[in-house]
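Please open the model in your viewer, set it to a cartoon representation, and keep the selection panel at hand. The stops below each name what to select and then describe what is there.

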Amino acid sequence: MTRTTRITSFIRTLTGRMVLGELLIHSILIPALFLGINIVVKDGYESRFIEQAHSKSELLATLIAHDINQHEIDSLLNAAISSNQILAASLVYKTGNAVHGQSNTTMPVPFKEDQQFAQHDDDSYHISTPLITSKGTTATLQTSFDEKPIAEQIQSTYQVSIVLAFTYILITLILSGLLGQQLTRPIRKLRDDARAIASGNTDKQLNVISSISEVASLTDNLETMKKALIKHSQDSLAREAHLRSVMDNVVDGIIITNTEGMIESLNPAAISLFDYTKGELIAEHINILLDINALLEMESQQHIVAENAISTTHNKLQETEGYRKSGAIFPLEVAISKMIVNEQTHYIYVTHDITARKHAENELKQLHNELERRVIIRTSELATANEELEHQALHDSLTDLPNRVLLLDHLNQAILSSQRNKTKLALFMIDLDRFKEINDTLGHHYGDIILQQVAMRMREALHQSCTVARLGGDEFAILLPAIEGRKEPANTATAIIHAIDQPFLLEEQAFHVGASIGIALFPEHGSDTSTLMRHADIAMYVTKNNNGDYTFYDPSHDQHSRDRLALTTELRHAIDNDELRLYYQPKIDFKTGNVAEVEALVRWQHPRFGLMTPDHFIALSEHTGLIRPLTLWVIREALSTCHQWHKMGHKLKVAVNLSTHNLHDPQLTKHIQQACNERGIETSYLVLEITESAVMSDPISAMKVLGELSAMGINLSIDDFGTGYSSLAYLKQLPMDEIKIDKSFVMDMINDKDDYIIVRSTIDLAHNMGRKVIAEGVESPEIWNALDKLGCDMAQGNYISMPKSTDDFSQWLQNSEWCLKKAN
């Protein structure tokens, strides 16, 4: 061991630290103390020397002042110099003359008066003392004292101080070393015992006895720590055994590598997963088991640094490829984490075979693709169906023209556009002439052909910017946007009349159909849709009454409607004062032969015109907005009569007709429920009959209202089935309970094969849709029997009973054979 090493080792010991500390302390304090003492001693010596020099100089000056002769003065000066303290002495007169003593030095020092010791570094202290001789002469005594003895005395004092200081320091260091050895003896004993314990001798006891409390406490603490370490070591061994057991039994493969990626250990699951033996894998690179390049997404890099892998994939599940000993490649899921044990870094690879999951994912992906394909196809089909439904909702099913709903929308948009652009527009209301005769004579089939051809001719005669709509029956409307005056609509009306006047060929026969046109202009005749529609309708009626071709609306035309206005006022009065009457016609159930339902038919006992059927005032009520109170009056009155029948023991249903306008009444369901509650009649005893045309005028709105009515328990029936142009796609979605075949088909079914086929097909269709069938227009027993054979559910007509007033019908219920059959 070199001297430097020994010194370094000694300094690291407690004794060395104590000695070093003492040395550092004394190296600071002793010089400071030495310096202070020497300064004091030096100042003392110098001060005393200066005081003595001044005293001697003043004494000499006093002696000289009393001597009067020159010889005595020389003697005093030489005597002072011969004392070995004064190097030179001179008396200098004011006149410039001087008397010098005999100096002992070969080289006299030039006189320079000093104020301090060694001021001029000439080893002499010079003093000037003024005096006056006994003769009154002024002079100055110049004396030079020797500084060397005092300087040598001060230097000797310095040397003695240094020797004493070093001696003190040395003695102190020796005592500190001996004291340190004595103090550290128990600590060294503890060190030796701790080394023995660390080497494995855990039975070694720390039996160090010391009177120093800190050492005794350290001994106890080290003994406690030894026991805790032994227990911790035992616990660590137990945990390690437990972890080893877990690793050996875990399902996933666990591989541990160093920072270079070399395999250090692995569990049995990993050995089984990759089909190697443990000896074949230890110290091999992880790349022989899995594709770590894929984890790093660095396919071009050939040398993988494990540290990079960890920083990239730490705590993340990554998918890569695994390699078995046989060369088989399989999908693998890997999670990599970093572990530091005893300041050494290890990496843990947790691996899991995901072959089964990948197969399942592939199957799921195929199923997803197939589902996506089907969804796309279904979405396309639904989009097409929605387009068709939207088209059906806004177009007439027979002519494919826009219906009333779409016309009103186009008219409203055209009004807004005209207001912005300061232009005009024209609205035509068209009613076909002689169409009813052709329809009644040839049948609905040919009537439909006429309507389709009329629609086609109108479209051909008009510009594409115009809108042609069918409002229902033989009523059409045309919208001409952006016109300048009356000339354009007049020319258009003439073209329409000319197109319709051309003969229609049906079964090689020519038929002529005319048209009556009423024209209303915006903004001249109205600024909103309802006003324009009403004024065009009035103009159309004027044209029809005058047997003309077309008429522009004029306010004077309202005079033509004074009778209608008066009739409107009278109708409102009749509704408010219960002047209307209900007539009832029974519906007979074919299975029982008894009355099952009764239809309520409104009549108006007019004071001037007598008993009026609905044909004369229903259209008026629809045009004037009276259809709502009229319908509610009929429902309330019919329910009241039904309540009386129930009291008589006849649990019959009563049927009431609804208009198109009723389906647009948002309060309809509320009023019907209120009427049933007030009359004490369950809603299941009420039947509401709606025509096909009423439903198809606005099928979406109708479906909503009819759904609400059906939810209330009210029975719904399609009236005059076969005369409209309904869509079976809509009919099958409507919550209808009954289908009522129009009498035009029933009355001639015995003699008309086509009517018979229509009736039979309607019955089969309705039954297949789960609906009951009622045939109206049963006028003979032959028709009754034919319907019975076809499986019809109920019949209504004059063969059973004519419509009767309330009292007459109540009497009929008591006496009719149709009602007596129940008792029989």
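Begin by selecting the five strands that form an open sheet in the order E11-E12-E10-E15-E16, in which the pairing is mixed; strands here are DSSP runs of E with at least two residues, helices are runs of H or I with at least four, and both are numbered from the N terminus. Two strands count as paired if DSSP finds at least two bridges between them. At the edges stand strand E11 (467-472) and strand E16 (550-552), each with a single partner strand, so one side of each is left without a neighbour in the sheet. From one strand to the next the twist averages 20 degrees, where axes are lines fitted to C-alpha atoms (for helices, over the stretch in contact) and angles between N-to-C directions run from 0 to 180 degrees.

Before going further, note that this is a predicted model, in which local features need pLDDT of at least 70 and side-chain atom pairs count only at pLDDT 80 or more, while totals for chains, interfaces and linings use all residues. Residues are numbered from 1 along each chain as its sequence is written, and side-chain values use heavy atoms, with hydrogens and water left out.

Stay with the edge strand E11 and add strand E12 (residues 475-483): the two run antiparallel and are joined by five bridges. Within this pair, Gly 472 has Glu 475 of E12 as its bridge partner. Now show helix H15, which packs on the sheet and touches E10, E11, E12, E15 and E16, its direction making about 145 degrees with that of E15; contact means heavy atoms within 4.5 Å.

Next, select helix H14 (residues 487-501), which lies across E10, E12, E15 and E16 and runs at about 165 degrees to E15. Helix H14 has 15 residues and reaches 21 Å from its first C-alpha to its last, close to the 21 Å expected at 1.5 Å a residue, the expected span being 1.5 Å times one less than the number of residues. Which residues of H14 are buried? They are Pro 489, Ala 490, Thr 492, Ala 493, Ile 496, Ile 497, Ala 499 and Ile 500, where buried means under 20% relative accessible area, exposed over 50%, and partly exposed in between (1.4 Å probe, protein chains only). Their cover includes E10, helix H13 (444-461), E12, strand E13 (504-506), E15 and E16.

Two backbone details can be inspected around this sheet. A cis peptide bond, with omega about 0 degrees, joins Phe 522 and Pro 523, and Pro 523 is placed in the loop between strand E15 (514-522) and helix H15 (529-545). Lys 422, in the loop between helix H11 (404-421) and strand E10 (424-433), has a positive phi of about 55 degrees although it is not a glycine; at 75% relative accessibility, Lys 422 counts as exposed.

Move on to strand E18 (residues 595-606) and strand E20 (residues 653-658), which pair in the parallel sense over three bridges, with Lys 653 in E20 as the bridge partner of Glu 597. Strand E20 also runs parallel to strand E21 (residues 686-691), to which five bridges join it, and here Asn 657 is partnered by Glu 689. Adding helix H20 (residues 668-679) completes a right-handed β-α-β unit with E20 and E21; right-handed means that, with the strands pointing away from the viewer, the path from the first strand over the helix to the second runs clockwise.

The next selection is an open sheet of four strands in the order E2-E1-E4-E3, with antiparallel pairing. Strand E1 (residues 86-93) and E2 are linked by three bridges, and Ser 90 stands opposite His 100 in E2. Helix H3 (residues 70-81) packs on this sheet, touching E1, E2 and strand E4 (138-146), and its direction makes about 155 degrees with that of E1.

Finally, colour the chain by pLDDT, the predictor's confidence in each residue from 0 to 100. The mean for the protein chain is 82, and 86% of its residues reach 70 or more. Among the elements, helix H9 (residues 306-313) has the lowest mean, 44, and strand E25 (residues 794-796) the highest, 96. Over residues 298-313 pLDDT stays under 50. Where pLDDT is low, the predicted coordinates should not be read in detail.
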